[in-house]
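This report describes one protein chain for a reader who is new to structures. Please keep the sequence and the 3D view open while reading.

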Amino acid sequence: MFLILTLITSIPRLTKVSKPFAQAVDQIETWAGIITMLTLRFMVRAETPDAAELAVIHMGFVSFGTDSLLMIAAIINIVVINTVKFIFEMLIWITPVPTADAIFEVANKTMCAALMVVYGFSPTLATVINLATFAVALVLFGWAYRRQIFLRAVMLDTVWAMCVPPKAVSEKPLIVFPVSAIGPFPARARCTLTSTDSGWILRHERIFRGDLVLEVSADEYSADLSPGFITNCIRLRGETTANLTFSRWYNALLPELATSLDVTFNNSNTAAMQDRAGLKAELT
């Protein structure tokens with residue numbers, strides 16, 4: 001099964017036309033591997049319930065043994081490295097160089113084959129190389145994860161809007177992504193933008209910590225909405241300028257969206273946003 005999935009994900013990645021399909025299947029392959037690891041783990045544990053396993057962590061009613069910790073570490077390793085790999089795959093896909101995709105894919109499979117050979121001769125050396133790769137990926141993980149969410153939102157919303165276009169502007173906050181760092185928010189962090197009587201509120205929800213909130217006063221800043229080629233943009237202009245990009249979900253309702261957010265709709269620079277420089281700025 002994994003050999004078939006490998007062929008399905010490798011061959012289409014050689015061209016830009018078929019690469020999005022390969023990326024989707026690659027995600028299935030990754031999660032299939034994780035699910036298979038967990039399934040085998042529980043099957044082995046069920047067949048040999050009395051197998052000795054050194055318990056190293058106790059948390060209330062739950063205890064983790066060395067085997068369980070190694071399994072969790074392997075899953076984290078896969079998720080972190082795959083996330084960073086995915087974002088570089090997407091960046092190469094949008095790069096207007098025809099052979100870049102094939103070169104990257106060949107290099108990727110060559111590295112995997114080399115690691116397998118190294119593991120056959122020296123599992124210790126292979127582990128050291130893997131840990132070094134994981135360390136580099138971990139440093140880039142936050143940057144890559146934010147851009148992965150951004151690219152997925154942009155692409156999925158674009159396709160979904162063509163299939164089932166919205167008939168009205170939702171009362172839910174608009175999902176936006178700052179192009180560069182603004183206040184407490186890093187670049188491309190997934191935020192929500194809502195309009196208030198005194199201006200706007202930009203919020204970044206976090207799971208294990210409190211939400212980051214930034215209030216923007218209408219007395220100090222003005223805001224306008226401009227359509228783009230891949231994304232649209234809300235610009236906050238004041239002491240500094242902040243660009244908040246969002247998907248094309250409301251492309252048919254941009255004037256209505258601007259009214260609901262109490263911003264100015266600016267349709268005069270559409271042509272400028274559709275040139276190569278504008279497209280590069282949208283996806284930076």
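## Strand 5 and the sheet around it

Strand 5 and strand 6 (residues 212-217) run antiparallel and are joined by six bridges. The model is a predicted one. Two of the facing pairs can be named: Trp200 stands opposite Val216 in strand 6, and His204 stands opposite Leu212 in strand 6.

Strand 5 also pairs with strand 4 (residues 191-195), again in the antiparallel sense, here over four bridges. Leu193 has Leu202 in strand 5 as its bridge partner. Three residues lie between strand 4 and strand 5, and the two strands form a hairpin.

Is strand 5 mostly covered or mostly open? Strand 5 spans residues 199-204, and five of its six residues are buried, so the strand counts as mostly covered. In a regular strand, side chains alternate between the two faces of the sheet.

These strands belong to an open sheet of eight strands, in the order 6-5-4-3-9-8-7-10, with mixed pairing. Which strands stand at the edges of this sheet? Strand 6 and strand 10 (264-265) do; each has a single partner strand, so one side of each is left without a neighbour in the sheet.

## Salt bridges

How many salt bridges are counted? The count comes to two. The table lists both pairs.

| Acidic residue | Basic residue | Closest N and O atoms |
|---|---|---|
| Asp211 | Arg203 | 4.0 Å |
| Asp224 | Arg237 | 2.7 Å |

In the pair of Asp224 and Arg237, Asp224 lies in strand 7 (residues 222-226) and Arg237 lies in strand 8 (residues 232-237), so the salt bridge ties together parts that are 13 residues apart in sequence. Asp224 is buried, with a relative accessible area of 9%. Its partner Arg237 is partly exposed, at 37%.

In the pair of Asp211 and Arg203, Asp211 has a relative accessible area of 36% and is partly exposed. Arg203 is also partly exposed, with a relative accessibility of 31%.

## Cysteines

How many disulfides does a search of the whole structure find? The search finds zero. A disulfide is a covalent bond between the sulfur atoms of two cysteines. Two cysteines of this chain can be described by their accessibility. Cys163 has a relative accessibility of 55%, and because the limit for exposed is over 50%, Cys163 counts as exposed. Cys191 is buried, with a relative accessible area of 0%.

## A nonpolar patch and the helices

Which residues form a nonpolar patch on the surface? They are Phe88, Val136, Val139 and Leu140, and together they have about 350 Å² of accessible area. Helix 5 (residues 123-163) gives the most to this patch, with three residues. Val139 has its place in helix 5. Val139 is exposed, with a relative accessible area of 69%.

Another helix, helix 3, covers residues 66-94 and contains Ile78. Is Ile78 buried, partly exposed or exposed? Its relative accessibility is 29%, so Ile78 counts as partly exposed, the class between under 20% and over 50%. Ile78 and Ile34 are 44 residues apart along the chain, while their C-alpha atoms are separated by 8.1 Å.

## The chain as a whole

The secondary structure comes to eight helices and ten strands. The chain has 284 residues, and buried residues make up 34% of them. What share of the contacts between residues at least 6 apart in sequence joins residues at least 24 apart? That share is 52%. The accessible surface of the chain comes to about 17100 Å². Carbon and sulfur atoms account for 69% of that surface.

How values were computed: Residues numbered from 1 in each chain as written. Predicted model: local features only at pLDDT ≥ 70, side-chain atom pairs only at ≥ 80, totals over all residues. Heavy atoms only, no water. Salt bridge = Lys/Arg side-chain N within 4 Å of Asp/Glu carboxyl O. Buried < 20%, exposed > 50% of the residue type's maximum accessible area, 1.4 Å probe, protein only. Pairing = 2+ DSSP bridges. Contact = heavy atoms within 4.5 Å. Areas by Shrake-Rupley, 256 points an atom, 1.4 Å probe, with all protein chains shown as cover. Disulfide = S-S within 2.5 Å. Patch = residues over 30% accessible without salt bridge, like charges linked within 9 Å, V, L, I, M, F, W, Y side chains within 5 Å.
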